[in-house]
Amino acid sequence: MNIEVKNKMLDAWIREVAEMCTPDEIYVCNGSRKEYDQMIQQLLDSGIAIPLKKRPNSYLFRSDPSDVARVEDNTYISTPSRTEAGPTNNWIAPDKLKKTMKDLYEGCMKGRTMYVIPFSMGPIGSPISKIGVEISDSPYVVVNMHIMTRVSDRVLELLGTNGEFIPCLHSIGAPLEEGQEDSKWPCAPIEKKYISHFPEENLIWSYGSGYGGNALLGKKCLALRIASAMAKREGWMAEHMLILRLTNPEGKQFHIAAAFPSACGKTNLAMMQPSVPGWKCECVGDDIAWMKIGPDGRLYAINPENGFFGVAPGTSYDTNPMAMDTLKENVIFTNCALTDEGDVWWEGIDGDPPKHAIDWKGNDWTPDSTDVAAHANARFTAPAAQCPVICEDWEKPEGVPIDIFIFGGRRSSVVPLVTEAYNWDHGVFLGSTAASETTAANIGAVGNLRRDPFAMKPFCGYNMGDYFQHWMEMGDKLGDKAPRCFYVNWFRKSEDGKFLWPGFSDNSRVLKWMCERVDGKAGAEETPIGLLPKDGDLDTQGLDTSADDLKELLKVDAEAWKAEIPDIENHFTTFGDRLPDRLKKQLEEFRHRLG
Ligand code: TSX
Ligand code: MN
């Protein structure tokens, strides 16, 4: 071990893990630039990292083709009873799961270095931040954690001798026998992959995968699954939400937190630049919001992350110019294609495809190839501070005051461009029934409706019925200081299959209406589904959408909504007696309004 660890719990845990996993060496990280450079050099020397000539200090990694995404079927919320995990989570009893995983962890770091990574989720020392320590045998995890979290020796100082931290144990599950040659992306087969959470003891155990949310345990595992369970117990919120600041021409600021399921362009919205003259938009975060009620009774949000771990395919100067400018240097790319000029490439990036490239599997690729060049879940890992429109207050320890919650989904029909909830309970109803049609990018048949309440289905660390109740109780505490709730759908299509709304920068028109609603300046019309902008309420100046298309975008078809009720009922039934009565009441009132 390279340093002496003063925190007693941490020191004991490191020794215990080392005894179980039997690594060749132990290295405690300090988060320095020098450490990052050394780790990268080691990854370059072993041929695992590929330097990119076109982007300073940027590297491409290729994962094993079997290890390309989060493994939801192997993800567990291990509470004493199955009911505490609820119907949306896989469950194995803690004793049984720990026994299985201890057998896997036995000797699993043989031939490797065990890295101890102390990190802070949120600005170091912020009252809303939490400290975690990840133990991992993957140097790829170390460099990604450097970007995505605040890895620092200051975290160890802050911990002192008795401070608390969230232990996150990770192994790729590929011990090296003496003389055995290592592969470029060692990992375990799918049946040995486990992403386990023990919310009762704030503990994370991950085994067998080196990819993304399976391995960078500060993100989905700590900041969402474990944090959501802590938030429930402690009276705050850990949400799968982007955070942005809108400033109107008079200089008034509005802070928005928005939850969307995958394939809705959350990162694009987080960095969106308004088309409405005089309005300014800045990014606070693109994925996770931790929110606490402040001394003034309002809800304050921080982004617990330090970087963006974004989907590369589809990202371009057209869809997200601010992300493209974030990616110019100091970036880790995973499973993108490599061009002959030494740059990365992916489907949907600007310009013509290269005549030749190396695809994400390391094979030759040309535009005639039947396979994609970049994997659909190829990623960039980039420092948030590099985003040209990062909000100057993004690291403010007390966070930013949230005025507006947005829920949404991807629907080709039925759901209008925007709806405002009548009140908090109605807003919780909209969040709890959020749904997206599946696209080619996510698994399952294309066009199926998938409910993803609050975009938290894969990320809620306890019974989702109780989570809905927690939302209700937060509303009670916030009272008239609660954020206003809205539901959006950028993806409604015309009968001939064309997107009705231009989206992207023009979404600022919808956000402007929301801000003006908060300010009491914009009108709205009562409909059975909620409040909608009526003629003239939405700023459509300079927009070339036809009046007919605008009408179609804001149409409420009561019959089509009535046809959705059985699916909502089914969805609610899955939560059994954990479904809050206040949501049952919302459904009854909705039914009644539809007539
Ligand atoms: O991210 C998207 N947003 C949010 C942007 C701030 N996307 C991409 C989704 C995949 C991740 C969108 N796609 C959006 C959107 O608002 N809207 C659409 C649908 C659409 C696609 C292309 C066009 C228009 C709408 N193009 C033209 O009309 C030229
Ligand atoms: Mn996410």
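This passage describes the domain arrangement, one domain interface, the surroundings of a ligand and a salt bridge in a predicted model. Local features were considered at pLDDT of at least 70 and side-chain atom pairs at pLDDT 80 or more, whereas totals for chains, interfaces and linings use all residues; side-chain values rest on heavy atoms, with hydrogens and water left out. Residues are numbered from 1 along each chain as its sequence is written, with chains lettered from A and ligands numbered from 1 in the order in which they are written.

The domain assignment, whose bounds come from an automatic or database source, divides the protein into domain 1 (8–50 + 68–235), domain 2 (238–306 + 393–594) and domain 3 (308–386). The centres of domain 1 and domain 3, taken over C-alpha atoms, lie 27 Å apart, and the contact between them (heavy atoms within 4.5 Å) involves 13 residues of domain 1 and 15 residues of domain 3. About 1,100 Å² is buried between domain 1 and domain 3, with 68% contributed by carbon and sulfur atoms; buried area is the accessible area (1.4 Å probe) that two parts lose on being put together, summed over both. Of the area that domain 1 buries against domain 3, 45% is supplied by Val-68, Ile-147 and Tyr-211, more than by any other three residues.

Between domain 1 and domain 3 there are 0 salt bridges (a side-chain nitrogen of Lys or Arg within 4 Å of a carboxyl oxygen of Asp or Glu), while 4 residue pairs, both members at pLDDT 80 or more, are in polar contact. A polar contact is a pair of N or O atoms within 3.5 Å; within protein, one must be able to donate a hydrogen and the other to accept it, and residues adjacent in sequence count only if both atoms are side-chain atoms.

Around ligand 1 there are 14 residues (a heavy atom within 4 Å), of which Gly-265, Asn-268, Gly-503, Phe-504 and Asn-507 come nearest. An oxygen atom of ligand 1 lies 2.8 Å from a side-chain N or O atom of Asn-268, and an oxygen atom of the ligand is 2.9 Å from a side-chain N or O atom of Asn-507. For Phe-504, a polar backbone atom is 3.0 Å from an oxygen atom of ligand 1.

In the whole structure, 41 salt bridges were found, including one between the side chains of Lys-219 and Asp-287 (3.0 Å, N to O).
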